[in-house]
Amino acid sequence: MPVTIKYLDECKQHGKPIVALTAWDYLFAQVLDQTGIDLILVGDSLAMAVLGYENTLPVTLDEMLHHAQAVRRGVKRAMVVFDLPFLSYQTSPQQALHSAGRALKEAGVQAVKLEGGYPAMAETVAQLVQVGIPVMGHLGLTPQSVHQLSGYRQQGTSPKSEERIMAEAIALEKAGAFAVVLEHIPANLALQITQKLTIPTLGIGAGSHCDGQILVTSDLLGLSDWHPSFAKPYTNLRKTITQAVQAFCSEVRNFQFPESKL
Ligand code: KIV
Ligand code: NA
């Protein structure tokens, strides 16, 4: 049974943690989906993780759609969520509708994600939801605002910032968002938001009290050359790949592969 908003709501109600990861292509999406995870995000972190950009700002809607189409082809069960890239939704609700609509029409994803919860963004969320496009919010450390935030720093560390993030979370729920990502905020704030909201929270660097957890897959697999302190590499694929390629190099250079059969 494919994962639905209703299923994610039931997970929250029954205290069953939601498991979410990012994917950027068919191959990884297929492997992840077959493990039975609940949600796959085509995150704009692919700008950094697989396209080599300095931050998430440069990636375009068309580039993201190309990746989302590949991911979609690999997924049968998980909910596929499309991360709206920088400047594909901020200028107006109409722009957001057009970009999100393309993600549903051209890539076949079930939902979109956007960053921020300030009043204009709540209005955008409401308009998307009104036409039937499910929206996931993203609060706390919002990487598309890296310059405004003076770097990838923890958010919600002052009473004023805590209050603001809580108010934004409530505004997103009111606007009709079906879930919200909480990134790099204190665990206690994430707990308070999780208790306050009826929609599920997905934490990343936000402690263990969220309704689910999301990680960037290249961080989980130890593929990246750098990962944030709150990410946990469960293996070191970078090392495994390096060793395999070195073995191949060595065998080719020593005429051991392929075996000579005359
Ligand atoms: O782009 C991304 O991978 C994300 C997750 C970290 C939530 O937005
Ligand atoms: Na993102």
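Which residues is Ser 218 in contact with, leaving aside its neighbours within four places in sequence? In this predicted model, the contacts of Ser 218 outside that window are Ala 49, Leu 223 and Ser 224. Ser 218 has its place in helix α9, which covers residues 217–220, and it counts as buried because 24 C-beta neighbours lie inside 10 Å, where 20 or more are required. With respect to Arg 153, which is 65 residues away along the chain, the C-alpha atom of Ser 218 lies at a separation of 21 Å.

At the level of the whole protein, 10 helices and eight strands are present. The radius of gyration is 20 Å, close to the 18 Å that the globule rule gives for 262 residues, and the protein is therefore as compact as a globular protein of that length. Taken along the principal axes, the box filled by the C-alpha atoms is roughly 75 × 40 × 40 Å. Of the 262 residues, 45% are buried, and among the contacts with a separation of 6 or more, 59% are made by residues 24 or more positions apart.

The surroundings of ligand 1 are formed by Thr 22, Leu 41, Gly 43, Asp 44, Ser 45, Asp 83, His 138, Val 181, Ile 204, Ile 214 and Val 216. Divided by class, this shell comprises five nonpolar, four polar and two charged residues. Both Asp 44 and Asp 83 belong to the shell, and both also appear, together with Glu 115, under "binding site" in an unreviewed UniProt entry. Although these three positions span 72 residues in sequence, no two of their C-alpha atoms are more than 10.9 Å apart, so they gather at one spot.

Asp 44 is located in the loop between β2 (39–42) and α3 (46–49), and it is buried because 29 other C-beta atoms are found within 10 Å, against a threshold of 20 or more. Not counting residues up to four places away in sequence, Asp 44 touches Thr 56, Val 59, Met 64, Asp 83 and Pro 85. Asp 83, for its part, is placed in strand β3, residues 79–83, and likewise counts as buried, with 28 C-beta neighbours inside 10 Å. With the corresponding sequence neighbours left out, the residues that Asp 83 touches are Leu 41, Val 42, Gly 43, Asp 44, Met 64 and Lys 113. Met 64 is thus touched by Asp 44 and also by Asp 83.

Glu 115, the remaining position of the UniProt listing, can be related to Ser 145, since the C-alpha atoms of these two residues, 30 residues apart along the chain, are separated by 8.8 Å. Ser 145 lies in the loop between β5 (135–140) and α7, and it is partly exposed, with 15 other C-beta atoms within 10 Å.

Helix α8, residues 187–196, carries the buried residues Leu 189, Ala 190, Ile 193 and Thr 194. Viewed down the axis of α8, these buried residues fall within an arc of 135 degrees, so they line one face of the helix. The elements that cover them include α7 (159–175), β6 (179–183) and β7 (201–204), whereas Asn 188, Gln 195 and Lys 196 are exposed on the other side of α8.

Key. Residues numbered from 1 in each chain as written. Chains lettered and ligands numbered in written order. Predicted model: local features only at pLDDT ≥ 70, side-chain atom pairs only at ≥ 80, totals over all residues. Helix = DSSP H or I, 4+ residues; strand = E, 2+ residues; numbered from the N terminus. Buried ≥ 20, exposed ≤ 12 C-beta atoms within 10 Å, placed from the backbone. Contact = placed C-beta atoms within 7 Å. Rg over C-alpha atoms; globule rule 2.2 N^0.38 Å. Near = placed C-beta within 6 Å. Nonpolar A, V, L, I, M, F, W, Y, C, P; charged D, E, K, R; others polar. Arc of directions from axis to C-beta. UniProt positions renumbered as here; feature names shortened; annotations may be inferred.
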